[in-house]
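Open the model in your viewer and keep the sequence panel beside it. The stops below go from a single residue outwards to the whole chain.

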Amino acid sequence: MQSTFKSFIKNSTFKPSQQAPAAKISIIGTPAVGKTTLTKLMRGQLISGKYNPTMGFNLGATNLDGLNVRLWDFGGQKAYLKQHLSKYVHGSDIIFVVTDSTPKNVLTTKELLEHSKTLVDESCELVALANKQDLQGHMSPERVEDVLQIPTFPMVAIDKNNRQRIVELINTLMNYVDARKRGDN
């Protein structure tokens with residue numbers, strides 16, 4: 001699956017449909033891995049660098065290069081994940097599983113990923129973001145992918161220059177999801 005996905009990404013150009021409903025993107029991960037910062041990056045909002053844990057989840061809508069998106073940013077504390085994830089992750093087109101790229105967090109993220117796989121159908125694309133690649137002691141995105149066994153992309157969510165990269169990734173992923181829903185993949 002990964003090789004098919006990676007080749008699709010290399011050869012894809014997103015063309016939004018005028019009638020397409022808003023894509024649902026869920027962002028999950030353990031506490032303090034950068035989920036809310038990633039959401040702010042996608043929306044083009046100011047990133048303060050101050051950590052404020054998400055209580056429950058944040059829900060918002062935005063437009064990314066012609067694609068209407070509903071962003072679900074889930075708090076990473078176990079109590080919130082247990083309470084909200086199973087109720088609200090259904091119907092996601094994409095789930096970004098965010099890790100801070102440390103060995104300990106990648107292993108914890110693998111447990112969360114395995115649980116998440118039981119909550120969604122096969123049309124949902126699960127992708128890891130190996131965040132905090134700028135910090136010492138991080139694992140490479142390739143190593144994170146080896147552990148998680150899903151397509152993994154590097155990220156530094158505090159760097160506003162990465163906004164276009166994440167927008168392009170989302171557009172390409174939605175092309176892939178839409179193709180799979182139509183039975184083209």
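Buried means under 20% relative accessible area, exposed means over 50%, and partly exposed lies in between, with a 1.4 Å probe and protein chains only. This is a predicted model, in which local features need pLDDT of at least 70, side-chain atom pairs count only at pLDDT 80 or more, and totals for chains, interfaces and linings use all residues. Residues are numbered from 1 along each chain as its sequence is written, and side-chain values use heavy atoms, with hydrogens and water left out.

**Stop 1: Y176**

Select Y176, which has a relative accessible area of 4% and is therefore buried. Y176 lies in helix α6; helices (H or I, at least four residues) and strands (E, at least two) are DSSP runs, numbered from the N terminus. Now add S123 to the selection: 53 residues separate Y176 from S123 in sequence, and the C-alpha to C-alpha distance is 9.4 Å.

**Stop 2: helix α6**

Extend the selection to residues 163–182, the 20 residues of α6. From first C-alpha to last, α6 reaches 29 Å, close to the expected 28 Å; the expected span is 1.5 Å times one less than the number of residues. Which residues of α6 are buried? They are I166, V167, L169, I170, N171, T172, L173, M174, N175, Y176, V177 and A179. Just after α6, G183 takes a positive phi of about 85°.

**Stop 3: α2 against α6**

Show α2 (35–43) together with α6. Their axes are 9 Å apart and the packing angle is about 90°; axes are lines fitted to C-alpha atoms, for helices over the stretch in contact, and angles run from 0 to 180 degrees between N-to-C directions. That makes α2 roughly perpendicular to α6, where angles under 35 degrees count as roughly parallel, over 145 as roughly antiparallel, 65 to 115 as roughly perpendicular and the rest as oblique. L38, L41, M42 and R43 of α2 make the contact with R163, I166 and I170 of α6, contact meaning heavy atoms within 4.5 Å.

**Stop 4: A32**

Step back to the loop between β1 (23–28) and α2, where A32 lies. Most residues other than glycine have a negative phi. A32, not a glycine, has a positive phi of about 65°. Its relative accessibility is 34%, so A32 counts as partly exposed.

**Stop 5: α4 and α5**

Select residues 103–117 for α4 and 141–148 for α5. The two axes come within 10 Å and cross at roughly 45°, which makes α4 oblique to α5. On the α4 side, V106, L107, T109, K110 and L113 meet V144, V147 and L148 of α5.

**Stop 6: Q149 to T152**

Q149 sits in the loop between α5 and β6. Is Q149 buried or partly exposed? With a relative accessible area of 49%, Q149 is partly exposed. Q149 also has a positive phi, about 65°, although it is not a glycine. Continue to T152 in strand β6 (residues 152–154). T152 counts as buried because its relative accessibility is 4%. The T152 side chain reaches the backbone oxygen of I150 at 2.9 Å.

**Stop 7: the whole chain**

Finally, color by secondary structure: the chain has 6 helices and 6 strands. Along the sequence they follow the pattern α-β-α-β-β-α-β-α-β-α-β-α. Of the 185 residues, 49% are buried. Among contacts between residues at least 6 apart in sequence, 74% join residues at least 24 apart.

Technical notes
A polar contact is a pair of N or O atoms within 3.5 Å; within protein, one must be able to donate a hydrogen and the other to accept it, and residues adjacent in sequence count only if both atoms are side-chain atoms.
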